[in-house]
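Reader: I'd like to go through the contact between two chains. Can you take my questions as they come?
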There are 2 protein chains.
Amino acid sequence: MRNSIANVALSAAFAFIVAVAAPSIATAQEAEDDTAVSSFTLENGLDVVVIPDHRAPVATHMLWYKVGSADEEPGKSGIAHFFEHLMFKGTSTYPSGEFSAAIAAVGGSENAFTSYDFTAYYQQIAPSELPDMMRFEADRMRNLVLSEENIETERQVVLEERRQRTDNVPSSILSEELNATLYQNHPYGIPVIGWQQEIEGLTHDDLKSFYDRFYTPNNAVLVVAGDVNADAVRAMAEETYGKIARGPDLPPRARPMEPDQKTTRDVTFRDPRVTVPNLSINWYVPSARRAEKGEFEALAILSEVLGEGLRSRLYQELVVKQGIASSAGSYLQGAAYDYSALVVYGEPRGGADLETVEAALVAQIDKIRNEGITPEELETARTKILRDQIFMRDSQVRSANLFGAVLATGGKVEDITGLPERLEAVTVEAVQAAARRYLDMDHAVKGYLLPQEGDRS
Amino acid sequence: MRNSIANVALSAAFAFIVAVAAPSIATAQEAEDDTAVSSFTLENGLDVVVIPDHRAPVATHMLWYKVGSADEEPGKSGIAHFFEHLMFKGTSTYPSGEFSAAIAAVGGSENAFTSYDFTAYYQQIAPSELPDMMRFEADRMRNLVLSEENIETERQVVLEERRQRTDNVPSSILSEELNATLYQNHPYGIPVIGWQQEIEGLTHDDLKSFYDRFYTPNNAVLVVAGDVNADAVRAMAEETYGKIARGPDLPPRARPMEPDQKTTRDVTFRDPRVTVPNLSINWYVPSARRAEKGEFEALAILSEVLGEGLRSRLYQELVVKQGIASSAGSYLQGAAYDYSALVVYGEPRGGADLETVEAALVAQIDKIRNEGITPEELETARTKILRDQIFMRDSQVRSANLFGAVLATGGKVEDITGLPERLEAVTVEAVQAAARRYLDMDHAVKGYLLPQEGDRS
């Protein structure tokens, strides 16, 4: 709890790709049946999304702040995530632990996570508990007590979290410096948890001004999913969040963007704890928000055909047919404000070495660039993505996650509901064009995780 | 003119290593003969250094601002250098070109340059022209006219400069991305000239607030070298610069620092214009200001022995003895606020390939780490550094450059005058310790400049 950083964000991101509207999802305008998703905005600027789901007497209450690590000032990395920890301390209304105790008392659960672009807090409870959850969540939006003691205690917790999850994990060490090599100007190059020396240096003033700047109703999105209806949610939200004054308007989230990449870059981490080496090939690509029309959907299909799942080309070729890899695949990050990353990876098996696996990955990349995909592959990928959304929709939390992540990264409800049509519009030519444009080995950033001794072959 | 960016800064930086006090250099306290260097501060905070040099009726007038590209806000890269261009436009007192015309009319010359940590403007004139130079220079410290027209004109000039000096030069393209890979958190990773899209985005407001913030007497250092004396310079400076009101105090120059580097990183640029490949091995090391006592001097001697000049180990071994390289050497950047870089480089000759050259460079690095240097090498390096200062002192501009660069990066006059003693204190053990600590191939960043086709071997 309270310590999920990039992984949760990543899966939320993925959700955008794999989730599309079930027939029951619709915009407020077309909301006629009582399972339609609706959205509205309170007078103080709080965006609200309601996702009715009457199958069980459960509700998910999520509050998303449109602030993540990429919104931090230089030298203050980790502040967004640090703040997520502090939000579990007391307020001027309730002592520390009272909110969590109230959730536990009704058999609920809670969690929170921070990513590059957002910070989210959520509880799963019975629908009857929603007014209480909103009261607590609205309270800590503005009434948090930022004592020096709380700050120092949580600083040690965060530093320990960093040691355990990053500094003690070879793949995380590599991933951190790989990311900083992939993004040379954009703050996505800075880890969400923050650099150690900067976490150590965060002051009370830094945290206070971060809170005052970003924790306001007009910088947040409320998502409520479950056995509820929009009118009731609106009434409850107005009664709690609605009482909070609008904060100052924030300037646009204009982060420094990447210059044109002209080099290839390799990042290598060697460590005695590594027994089997692996490699990844990484490119940044435009986020869904920034991509040209249809381009992000083409990239999603490209990644699906190339390397997602057991029937993908990479798995079939490297793992099944050639038997040189224990794993091989690709993925596309999503639900980000500025850039997503397309990643191809592989790990050798048996007598095969890493160079052989790399050559086989590159051969498949070349093939999809040069020959594109077949109409059958396109159709299968579309079907798989559309099928995946059913599983997604089946989970209340994942559903809420999807809408929250999209809205917190500059998207709209329609970006989700319109996905089937956008997928339908993708052609085999568009997929090949995306492959040619982005999967370029002359502008790739490769990561190698290696044992202490020996070379890549 | 007006377009020297990093190169000038680099040579200024080097100056710190190769320049030491001639017997005639002394601090203000010990100033008894009339060639002693003296320094003082005007009431409005302007630091002044006077370097008398009576050999010829010439004077050098330099004004250094303690602001460079590493002080820019994120997303505003290039603003310090852009501003250097704008400083040659008109003020509310004098139309554009009048200052330059006045210099030309008296047979003088002028120049300016921008680096990571400072921006400097200078003129060489007869000593009798000094009051005029100060009047003009003091005028443009506060009275610059920032018209939209001037900004747009210079933006095109700067963009063209970027195209010519960076985007059209393969080694510069590599160098830019190599630097961004070496520095993953510190702004030294961002090029002094700025990223193209950010130069394009700089606004009148950005420039105006940059000017108001940084172009103040208390953020500047005046260096006057030549046929002058301190009392006369003080009187002239008080009459001109002294009339300008002190600006607001600036916060300390606290830039985001590098996290511990745990990976090795390779950056490769291929280009059809490259006919002979080359490589560099790069490490960042603490700047003179940040290094532990004696460490920077040990690094200077290390670089001297390893690769500076025709008698260095790298040259003798790779170029002379093995005949595999047309060039091979090393250098240490200096006069920086936060970090310097130690760079080892080589270029193959004849039938030798780049891998062979790399292996030979690494062998020499290993040797100096494992075996250190001899007392004779230490003595030779010291003598060479001390001899170099004589040539340095012989050039009025280089002399002024040295003092300006050191003072603009947080140093004092004594940091220069005390160098002979500090060099004397370096031991062979200290040099080997520096080699072991910093020249680590497991934490190196390598740059490869390659022809379009073929591999490194």
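Reader: Which side chain does E177(A) meet in a salt bridge?
Author: That of R265(B). The N to O distance is 2.6 Å. Keep in mind that this is a predicted model.

Reader: How many salt bridges across the interface of chain A and chain B?
Author: Four, by the rule used here.

Reader: And how many residue pairs in polar contact?
Author: 20 between chain A and chain B, counting pairs with both residues at pLDDT 80 or more.

Reader: Which elements of chain A give two or more residues to that side?
Author: Helix 6 (170-182), helix 7 (196-201) and strand 7 (264-270). Strand 7 of chain A gives the largest share, six residues.

Reader: What's the mix of residue types on the side of chain A that touches chain B?
Author: Eleven are nonpolar, ten polar and nine charged.

Reader: Back to strand 7 of chain A. What does it pair with, and in which sense?
Author: With strand 7 of chain B, residues 264-270. The pairing is antiparallel, over five bridges.

Reader: What stands opposite T268(A) there?
Author: T264(B), in strand 7 of chain B.

Reader: Now size. How many residues does the contact take from each chain?
Author: 30 from chain A and 30 from chain B. The area buried between them is about 2400 Å². Carbon and sulfur atoms give 48% of that.

Reader: Which three residues supply more than any other three of the area chain A buries?
Author: E177(A), Q184(A) and K262(A). Together they supply 23% of what chain A buries against chain B. E177(A) is also the salt-bridge partner of R265(B).

Notes:
Residues numbered from 1 in each chain as written. Chains lettered and ligands numbered in written order. Predicted model: local features only at pLDDT ≥ 70, side-chain atom pairs only at ≥ 80, totals over all residues. Heavy atoms only, no water. Contact = heavy atoms within 4.5 Å. Buried area = accessible area lost by both parts, 1.4 Å probe. Polar contact = N/O pair within 3.5 Å; in protein donor to acceptor, adjacent residues only side chain to side chain. Helix = DSSP H or I, 4+ residues; strand = E, 2+ residues; numbered from the N terminus. Nonpolar A, V, L, I, M, F, W, Y, C, P; charged D, E, K, R; others polar. Pairing = 2+ DSSP bridges.
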